[in-house]
Every structure is written in structure tokens, then in C-alpha cells.
Amino acid sequence: MELKDLTLDEKLTLLTGKDCWHIDGLNGKLPEISMSDGPHGMRTMTKDWQTLPATAFPTLSAVGSTWNEELAREMGELIAEEAIERNVDILLAPGVNIKRTPLCGRNFEYFSEDPCLAGELGKAYIEGVQAKGIGTSLKHFAANNREYDRLYQSSEVDERTLREIYFPAFERALQADPWTVMCSYNLVNGVYASEHKKLLNDILRGQFGFKGLIVSDWEAVVNRAKALKASLDLQMPDNAQSFTVLKEAYARGYITDEEIDASVSRILDLINKTQANKRKRVVTHTKEERHAAAVKIAAEGAVLLKNENGVLPFKSGERVYVGGKYAEQGVLGGGGSSYVTCEYKRKNLSDLIMEENPAVTAEYHQGYFCDEGARHGFYNVRKSIALAEQADKAVVVVGFDEHTDCEGTDRTTLKLSPIAVDFILKIARANPRTVVVVYGGSAVDMSDWIGEVSAVLYVNFNGEGGNEAIAKLLTGSENPSGKLQETFPLCLEDTPTQSERGDGYSDRYFERIFVGYRYYDNEGAEVLFPFGHGLSYSSFEYGNLNVQEKNGQYALSFTVKNTSAVDGKEIWQVYTGAKRSLVERPPRELKAFGKVFLKAGEQKTIAVTLTLRDFAYWSTAIDGWRTENGKYTVSVGGSSRDLPLRKEISICLPQDEQPSQRDQA
Ligand code: BGC
């Protein structure tokens, strides 16, 4: 089908969805393209709005904690297989928005507070889905960093901050050529993202080279004609007024044939791409294999934050008390459009602990519950205390859930419910070797209880295989290898945005580029756990950093050694920082990372190449990236605050390309 085969009315019809999940097929003239959420499982709905069960994978925040691009790719492929089975053409995922505040109700759907990590994982996820002939929708472009009043508030962000913090995750993910990009609900600097020509046309298409289709978030379009002028191709879902709005705008010359044809061509291209990719739609995994992958990702996405006196893993012969309602099934995901229901019959954590190591005895007694109305309470807590007293070790499972961490609303606190805290303290007093398993879509303030417990395992929201993964980690059949994809501050008041949430008109991004660890490091602030932190049952040693410059590229090599007797995986991180600059810069920024498997005693050499962009800032003076001449540090290690390797390098570009500086005699 070509443009010339369509009438004006047909073209205008195509520009808005047919219903909630389909592009209009013009009464059989074109194939109807179908879309479905994403991102951590297929959330297909029947005509009467029932969600069909699917494999519930860990949320993207858990994938963020794996720091493992291979797993992001694999998860994408497996979800795409379920899309194939459901006849869905485009998966509405992944979201790469930055976790600006831990209160954002949708943080569980996003990878990280850091654009390098979020962008690389987003890219791998897209590659995985599209390798199977299913399209993706990279979302939500741009600056959608809280849910509060998301349809009305303008994210007021300066240009440099957009370029350095909020755009780069999209730029990186775009390298995987997502078939579509979804615009966000909010306004950006006073203009709705859906009508933002500079954002959608000039930057996304013009500067970032995006060639695909721009789709609106569901109901994000306020005026269809203005959105078309901004180059938004497809409004979703269906809308009774849009056709008339477009027709009238055309009649008065506000929208032109060129603008209509440009968007319609992109819709036709998407249809053709969908057809051409059908041959790649091959299902090669069984339901059981997808579940096994969900367990594997959940295990790598759990972060061991604290482990005193080797309380973990459990040892054969030990008796363990397990308490807290979430030990029964865990938290599948956060609430909202991404919530996936599963068929898999989930088991109690205590039973799974004994399956992993039959020489460990685990006994469950709820003691503390949180019901569907998000009410918390005790259930015969005296019995829990007695069981914990008699046991060698105790496990308490607590956290946030789909009611507290949910699309369309933000959290108001980083603290667990007072009853959950009380439960932790009661059990910890009964048993000094208490392990707390914490669910959350974002950072948790642990100040009321962390000093009282021996170990903490933060599991994000980890899907249908969550309890199996936790059991493997607690018993040591899996070695923890996840790390934090966001800083855990001491308390909400320590975060740059505190409890600010805008005034109904605008939400000022006053902290500018100092988001996440960039802020805490700049302030020299103490945090509960830094970005990139995570323990393992192995220990690792870094060494032999070497940096060599060649034609504006910096070839790095260093070694990582497993110095323990246990095989394990280590996430290495490379940060750069300017020693001195004519503009304000964060002390260090993540520029490369990877995950390496090392057998006990094994050492491997890692090679990484950095480019000038990895040292640059966005200059509003030249409207571009600028790398200043001067000294920079390159630091390497296992977390943003544990960087044992450090080298200073000098960048010396031709003086003609640098701004002048007076001599400081
Ligand atoms: C969400 C999108 C989602 C869409 C369709 C919106 O509310 O913001 O992320 O893809 O609904 O369910």
C-alpha cells in the first residue's frame, strides 16, 4: 500500500487508533497492527478488559539491578515470544525514564537513576524483542519523572540537564532502532510532549536520527492537529473527536498535505516492517523455560545490601523461622498498566528454602500481614517471636507493593509501614541473626531497623519466580550478584527533591544535573547504600589499570580477580570526572560497566574504550557537547563509592577548538 492509494479521509483516519490496542486497518484495506504492554510481561487484554495471564518477569528496576545486558536481551526475546503467541505486533516497552526521586510511583518500571545504565539495558532489551520480529516502543519521551499530576504539570528542565541526564538513556537505546517511540504525558518547559516540535521533530528525529513512528502515550494528546504539526504520527487510543479536529485544521490550512503524508508514510512503513519481520517470529522456548529465565533474572536482580558475620548463606543443619505475608507469594510487580497476572502457582519461601537445601529446616508463620487494601497488621505475632527465638536464624519478608508503588500516583514516604518496622524489630530482638528481605520499586529508608538486623536482601519486584530466586540466594545455591541501580539515601529529607512535587503548573528541576549519586557525591553526603553497591558471597580485587590514548579514544584495561573460594559474578564500573572545569560538573559519572563471571581464584582482564563524549558536558554556549582541555580522572571499581583504581589523564585538543582563557599570571 502506498500513499497515493489512500484518500484524505483514510489518511486522517489512520492518524488515530482504531480502539485501545490497534492501528486502524481501514476496513480491511490494511492489516491491523496490534499493541500491548510491557515491559515485564505480556499484559494482553480481552475485549471485555480481562487481562490474560502470562509469564510475569521481574520489573525493569530488577533488570536494572542485574546490570546484565545479556539478561535484558533474553527477557526481551522471551516476552516477544509471548507476543507472537498472542498475535501482538508491538510491545509497549521499555521505559528508560530516569529515577529522579525515589517517590516516583513508576520507578519500578524504569531501569536506573543513571542514563548510561538505563540506556544500555534499554538498548539490549529492544534488541531482544525486535530480534523476534516484534516491535518496541521506547517510552516515555521525555522528562516524565513523577506520576503526581502527570497530565497537567510541566517538567521545567534546563537544556543542559535534558541533554546530560534525561535524553542520553534515549539516545543510547535508540541505537537499537526501536520501531516506535512513545511520548510522555507531561509538558516539557510549558508545551505538552505530544505537541513539542523541538522535542519530537527537531531533537528526536533531527538530532538523534530516529526514523520510526512516534506514538502518543494513551490519552496524552490534547489537540490532534497540534500534535501532528509536532510530528506525532499516531494518537492512541481511539478518539471520537480527532478526525474532525484534523479535518477542520486541514480545511483552514493549519495542517498541510506534507505533514499528513509524513506521518501516514511512517504508519505505512511500520505496517510494512511488521509484515516483513513476520518470518522472524519463531517461538523456541517453552513456558517452563520462560519461567526458569524469570527465576534467573530475579536472582541476579536481587541486591545483598548487608551480610554481617556471614549470616548468609544458611548452612546445612540450621533451623530458620520465616515470617511476613510476602513470604507466601512475594510481590509480582508494581501497579498500573504494566501489571502482569500469572498462572504459575507460586510457593511459600519456607518450602522453597527446604527444596534448595533439604538439610535446612524452615518454618513459616505469617506474624505480619498487608492486605489488598494496603492495611497492615499483626497475626499472632507472639507465635512468630517464639519461633524466631527457637530458630538459628530468622527471615522477615516485608516491603512496598503494587498498592504503594503504582502508576498514576507517587509514594509519600521511603519508610516501610510502622507495623512492618515493628515486626522486624520484634523478630530481630528475638533472634540476633535476622535477615530482612525487602520488596520495593525504589529506595527504602531503613534507618529505623537496619542497625538491629544481620542481613538485608533487597529484591525489587521480582515476578513469578521471586521466591525461588530468594530461596536460591539465601541457601547459597546462587551467589548474589545484583547491585543498586539507584542510591539508597538515609532518608527522604536527604534526597535533592525531598517531598517537592510541583505546584500544579510546573515541577522545577532545580537540582539540575545533580540527580542521584551525582547529587550525593557533589554534596559529600552520607548515604545508606551508594549507587552500584551490592555484596556477594565471593570477594573481588581490582588491579592493573592502564589507560592509553589513541586518536581521541581512551583504551582502558584492568583486572578483576575473585579472591575467594566461591565462584561469583562481579559488576565492574568505570567513572570519569573532570578535575577542573569552567562549568559545574558532577564529581564522577558512570561511563561503562559490565558483569564478569569468575571462578574461585580466577582473574580476568577487562578492556573498555572511552571516547571524548565520555568526558564532555553539554555546552549551551555552542549548543553541543564540549570536551575541555585539562585533567580528568578515570576510576574503576565495584561501586560508585568503592573505586580502588584511579588514573589521571590529560586531554589536549587543538587550541582553536577551545574557548580562550586569560593567563593567570
Ligand atoms: C502508560 C503507558 C502504557 C499505556 C498503555 C499508559 O497509561 O503510561 O506506559 O503503555 O498506558 O497501557
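Biologist: What makes the side chain of D217 a polar contact of the ligand?

Modeller: In this predicted model, an N or O atom in the D217 side chain is 2.6 Å from an oxygen atom of the ligand. A polar contact is a pair of N or O atoms within 3.5 Å, so this pair qualifies.

Biologist: Which distances put H140 and E407 under that heading too?

Modeller: A polar side-chain atom of H140 lies 2.8 Å from a ligand oxygen, and for E407 the distance from a side-chain N or O atom to an oxygen of the ligand is 2.7 Å. The limit is 3.5 Å, so both pairs count. The protein also covers 94% of the 310 Å² of accessible area that the ligand has on its own.

Biologist: Good to know! What residues make up the shell around the ligand, by class?

Modeller: Five are nonpolar, two are polar and seven are charged. Of these 14 residues, D37, R106, H140, D217 and E407 come nearest.

Biologist: D37 catches my eye. What is the peptide bond that follows D37 like, cis or trans?

Modeller: The bond from D37 to G38 is cis, with omega near 15 degrees. Another cis bond joins G38 and P39, where omega is about -5 degrees. G38 sits in the loop between strand 1 (35-36) and helix 2 (60-66), and P39 is in the loop between strand 1 and helix 2 as well.

Biologist: Why is N460 called buried?

Modeller: Its relative accessibility is 0%, and buried means under 20%, so N460 is buried. N460 belongs to the loop between strand 16 (455-458) and helix 16 (466-475). Its phi is near 55 degrees, a positive value in a residue other than glycine.

Biologist: And why is N551 called exposed?

Modeller: N551 has 75% relative accessibility, and the exposed class begins over 50%, so the label follows. N551 lies in the loop between strand 18 (540-550) and strand 19 (553-562), and has a positive phi of about 50 degrees although it is not a glycine.

Biologist: Why does E308 count as partly exposed?

Modeller: At 40%, E308 is neither under 20% nor over 50%, so it is partly exposed. E308 is in the loop between strand 9 (303-307) and strand 10 (319-323). Not counting residues up to four places away in sequence, E308 touches V453 and S454.

Biologist: Finally, which residues touch the most other members of the largest nonpolar core?

Modeller: Of its 112 residues, they are L14, Y125, F141, W218 and L590. Apart from this core lies another, of 66 residues, including V322 and L457.

Methods
Residues numbered from 1 in each chain as written. Predicted model: local features only at pLDDT ≥ 70, side-chain atom pairs only at ≥ 80, totals over all residues. Heavy atoms only, no water. Near = heavy atom within 4 Å. Polar contact = N/O pair within 3.5 Å; in protein donor to acceptor, adjacent residues only side chain to side chain. Areas by Shrake-Rupley, 256 points an atom, 1.4 Å probe, with all protein chains shown as cover. Nonpolar A, V, L, I, M, F, W, Y, C, P; charged D, E, K, R; others polar. Core = buried A, V, L, I, M, F, W, Y, C linked by side-chain atoms within 4.5 Å. Buried < 20%, exposed > 50% of the residue type's maximum accessible area, 1.4 Å probe, protein only. Helix = DSSP H or I, 4+ residues; strand = E, 2+ residues; numbered from the N terminus. Contact = heavy atoms within 4.5 Å.
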